Amino acid sequence: MRFQFLLQVVSVFWVASQANAATFEGAWVQGALIIGQAKAGEQVFYQGRELKQSAQGRFALGLGRDAPSRVSVLVKKGEQQETLSFDVRQREYNIQRIEGVKQKHVTPPAELTQRIQQESAAVKAARKRNDNRTDFLSHFIWPAKGPITGVYGSQRFYNGTPKSPHYGVDIAGPTGAKVIAPAAGVVTFANDDLYYSGGTLIVDHGHGVSSTFIHLSKLEVAVGDTVKQGDLIARIGASGRATGPHLDWRMNWFNERLDPQLLFPENSKPELP
Ligand SMILES: [Zn+2]
């Protein structure tokens, strides 16, 4: 009896103090980057991972393409803990059929299996980095100019064969056009010839948030370089599995894929400066 009474006191205390619990910015929708603010002494966990906090208690979490309709965030403060639940808006993704891709990019020859697996592992390793930098807190800018020709999440069929979804936003532009850093960061991966993605660059913005740029014709930075927002980092191309020159920009929170378009107001277009 006494123990139960104590529990009640603890939970009443927690409810009274909940106004002080971590707060969040951003719409809870599949593909979204959510920015949070913890109060002093709070630890925040999502998907079993303790979220890195800035000196001011800011943190990031990402909702993947197929995030469930309800997710929870655990907030701990000393001996107290509370689970906060959020409804996640579920999206309907396009189906996109792409014809005219080289058949070797749809069903690669068996002797390339090892190369493709090694490349995939190297890219995933770069996305696992949990850097202290807080560049993800700045407002992102478009990394290239041009019409959007492909959107996040689409289920793709290449020459009729279903393949993994499209995780980036495609911005069409001529080969050689500038790609600039949408936010500051450090270059963690640079390779000018991956099998599927061709010229590939990853810029880490901190706390697991990174940008991937693919199908590049030229890389203008190298691994370890730090870049400021707006710096030239690469040139648009059509390398790898691409049917024409464009920039494919992907956002990641560790290995969850985020929708870059959700970082901008709804009517913001990469045609505009
Ligand atoms: Zn693309």
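1. Let's start with a small strand pairing in this predicted model. Strand 17 and strand 19 (residues 232–235) run antiparallel and are joined by 2 bridges. If you want a spot to look at, find L219, which sits opposite A234 in strand 19.

2. Now zoom out a bit. That pairing is part of an open sheet of 3 strands, in the order 13-19-17, with antiparallel pairing. Strand 13 (178–180) and strand 17 (218–219) are the edge strands; each has a single partner, so one side of each has no neighbour in the sheet. As a reminder, strands of a sheet pair through backbone hydrogen bonds.

3. Next, the zinc ion. Its coordination comes from H166 (NE2), D170 (OD), D170 (OD) and D248 (OD), at 2.0 to 2.7 Å. Yes, D170 is listed twice. The angles subtended by the 4 donor atoms run from 53 to 155°, which makes the arrangement irregular.

4. Check where those donors sit along the chain: their spacing is H-x3-D-x77-D. D170 belongs to strand 12 (residues 169–172) and D248 to strand 20 (residues 246–253), so this pair ties together parts 78 residues apart in sequence. Both D170 and D248 are buried.

5. Finally, the whole protein. You should find 2 helices and 21 strands, and a C-alpha trace spanning about 70 × 40 × 40 Å along its principal axes. Of the 273 residues, 45% are buried. Among contacts with a separation of 6 or more, 68% involve residues 24 or more positions apart. The accessible surface is about 13,700 Å², and carbon and sulfur atoms account for 52% of that.

Technical notes. Residues are numbered from 1 along each chain as its sequence is written. This is a predicted model: local features need pLDDT of at least 70, side-chain atom pairs count only at pLDDT 80 or more; totals for chains, interfaces and linings use all residues. Side-chain values use heavy atoms; hydrogens and water are left out. Donors are N, O and S atoms within 2.8 Å of the metal (3.2 Å for Na, K and Ca); water is not among the atoms, so sites may look incomplete. Four donors count as tetrahedral if all angles lie between 85 and 135 degrees; four count as square planar and six as octahedral if opposite donors are over 155 degrees apart and all others between 65 and 115; anything else is irregular. Helices (H or I, at least four residues) and strands (E, at least two) are DSSP runs, numbered from the N terminus. Buried means under 20% relative accessible area, exposed over 50%, partly exposed in between (1.4 Å probe, protein chains only). Two strands pair if DSSP finds at least two bridges between them. Contact means heavy atoms within 4.5 Å. Accessible areas come from the Shrake-Rupley method with a 1.4 Å probe; for residues, only the protein chains shown count as cover.
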